[in-house]
Amino acid sequence: MDLLPTAPPDLFGREPERNAFVELHNLVVAGADTPADYGPADADRIARERGIDLRTAFRDERLALYEGLFGEALARGALDDHQCRVLTRAAETLALTAADVQPVHERAFGDAVTVALTDDCLSVGERLHLYALQLALGLDPTRARAATDAPARARLLRVVARVLCDGELSPDEAADVAGAARALGVTVGPDLVAMLDAAANRWKIRSAPMPDLHVQIRLGPNETAHADVPARWADKRSDALRSAFVDGVSNADTRHQRFPWDRFMSPLRPGRIVLTSQRLVLLDAERPTRYVPLASVQDIVVFADGAIVRLASDSRRLVLDLDAGTEAFFALLDRTLAGLPRQPRSVADARWRSLGSVGTDLTEHEPRMLEQHRERLAADPFGWDLPGTVSEGAYHLTLENAIGTHRIATAHSASFYLSDRALCIYQRLRPGWLVLFDRPERAEATFEWLRARVER
């Protein structure tokens, strides 16, 4: 470190008080490698000669000096006994207590942990280095362990997030997670284990060979049967489904939520459903067999115990209740649909909720009120519509899901706000909407599209 120049005396010949710290600074820096040549007695002498208590004054400057000396010592490599003696002497001379230098040591240890984890691994050499650094700095073992565990767990979770981006865990991905846990020295908690087990089970369901069953229906050429399960079903109008979801659903994945079967007055028809490579066959002992071509399936919303199926050119929705076999059946259905020679079904990217109408006149106080209202709604996890898609047209923003479609005319938009993934749209004399997107970039794109149309 460089020596500091002293400031000149003022007009009355008095030296600035800062010169006391400058003399102390230069004494410590000049004797940095020979700690026996200076000590607290020198600091006391400077304080007497200059009439300032260096044990209380210039605390920030004394800490900065120690941190600079500490940084230079670390830059030379591991802290050996000599460097520890030098730093201890410097701290004593600068009247710094163990509590004063503790944050400096902890920050340095945290930086060392971050560097060691840049490759998502803690090697034997890195572990020994951190252990030696912990001892040299006199860190509390519990605090030092926490400083290591937190970044390591964050790294492990990053690996988990990468391998679970599709919600499934293959054996190779499971090996990646286990290897990362071993390399980082982190124990996987029970909640994370349960999540990984569920993802591994989903992978097994999807990766297993497609079944070829013998069923009691006539199959066409090149047609194979993949599932034959007991079920109940019914055709429901869109308004009946809206009534069933009048209280909305959680913004969590619908596959973890129960279907509101108790909201329907008319009963479901019992029977069996056969899934083939080309169609769904609904077998009902009291009614003619119904055939649903898979090519006509437009959208599916799956719940923990049922599903809504939207078909092409049909105002009604097919509601299915498969009880405990829902996940396995719809995993087969998804794989079958993916193999059809047609355009893939749209992927849901948002959900929404109605906010009501705000009228035509906006006062100067209403924007702030609406912003607070939007924040409250965005934080509320309940009352959302089913997941669906958002599409931009020439003059309309279209919200569409398995139940129905809403169109928002840009000409009617009174005000709109964007916060992370939530887009709040208020209209004149029409219902407002809060749209929650799956991705922030998707929300930003829709916001910019809407602003360009409204400001035009």
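Start at L386: this residue is buried, with a relative accessible area of 1%. The model on screen is predicted. Select the loop between α12 (366-379) and β9 (388-392), and you will find L386 there.

Now show what surrounds L386. Leaving aside residues up to four places away in sequence, L386 touches F245, V249, F303, I308, A350, R351, W352, N401 and I403. Pick out R351 from that list. L386 and R351 are 35 residues apart in sequence, yet their C-alpha atoms are 6.1 Å apart in space.

**Zoom out to the whole chain**

Colour by secondary structure. The protein chain carries 13 helices and 14 strands. Switch to colouring by burial. Of the 456 residues in the protein chain, buried residues make up 42%. Turn on the surface next. The accessible surface of the protein chain is about 24600 Å², and 54% of that belongs to carbon and sulfur atoms. What share of the contacts with a separation of 6 or more comes from residues 24 or more positions apart? In the protein chain, the share is 65%.

**The seven-stranded sheet**

Hide the surface and go to the open sheet of 7 strands. Read across it in the order β4-β3-β2-β1-β7-β6-β5; the pairing is antiparallel. Strands of a sheet pair through backbone hydrogen bonds, either parallel or antiparallel. Which strands sit at the edges? They are β4 (290-293) and β5 (297-303), and each pairs on one side only. Look along the sheet: from one strand to the next, the twist averages 30°.

Select strand β2 (residues 269-276) together with strand β3 (residues 279-283). The two pair in the antiparallel sense over 4 bridges. Label I273, then look opposite: L282 in β3 is there.

Add helix α11 (residues 326-338). This helix lies across β1 (225-237), β2, β3, β5, β6 (306-311) and β7 (316-321). Its direction is at about 155° to β5.

**Helix α1**

Move to α1. Put a distance between the C-alpha atoms at its ends: 18 Å. The 13 residues of α1 should span 18 Å at 1.5 Å a residue, so the model agrees with expectation. Show the side chains next. Those buried in α1 are N19, A20, F21, V22, L24, H25, N26, V28 and V29.

**The charged network around R45**

Last stop: salt bridges. A search of the whole structure finds 20 of them. Side chains of opposite charge can pair when their charged atoms come close.

Select R45 and E23. Their side chains meet in a salt bridge, 3.6 Å from N to O. The pair links distant parts of the chain: R45 is in helix α2 (residues 40-50), E23 is in helix α1 (residues 18-30), and they are 22 residues apart. Are these two buried or exposed? R45 is partly exposed, at a relative accessible area of 27%. E23 is also partly exposed, at 23% relative accessibility.

Stay on R45 and add D42. These two form a salt bridge, with the closest N and O atoms 3.9 Å apart. D42 and R45 are separated by about one helical turn, because they are 3 residues apart in helix α2.

Then add E49. Its side chain meets that of R45 in a salt bridge of 3.4 Å, N to O. E49 and R45 are 4 residues apart in helix α2, so about one helical turn separates them. E49 is exposed, with a relative accessible area of 55%.

Finish by selecting the full set. Salt bridges with shared partners join E23, D42, R45, E49 and R50 into one network.

Conventions. Residues numbered from 1 in each chain as written. Predicted model: local features only at pLDDT ≥ 70, side-chain atom pairs only at ≥ 80, totals over all residues. Heavy atoms only, no water. Salt bridge = Lys/Arg side-chain N within 4 Å of Asp/Glu carboxyl O. Buried < 20%, exposed > 50% of the residue type's maximum accessible area, 1.4 Å probe, protein only. Contact = heavy atoms within 4.5 Å. Areas by Shrake-Rupley, 256 points an atom, 1.4 Å probe, with all protein chains shown as cover. Expected span 1.5 Å × (residues − 1). Pairing = 2+ DSSP bridges. Axes fitted to C-alpha atoms, helices over the stretch in contact; angles between N-to-C directions.
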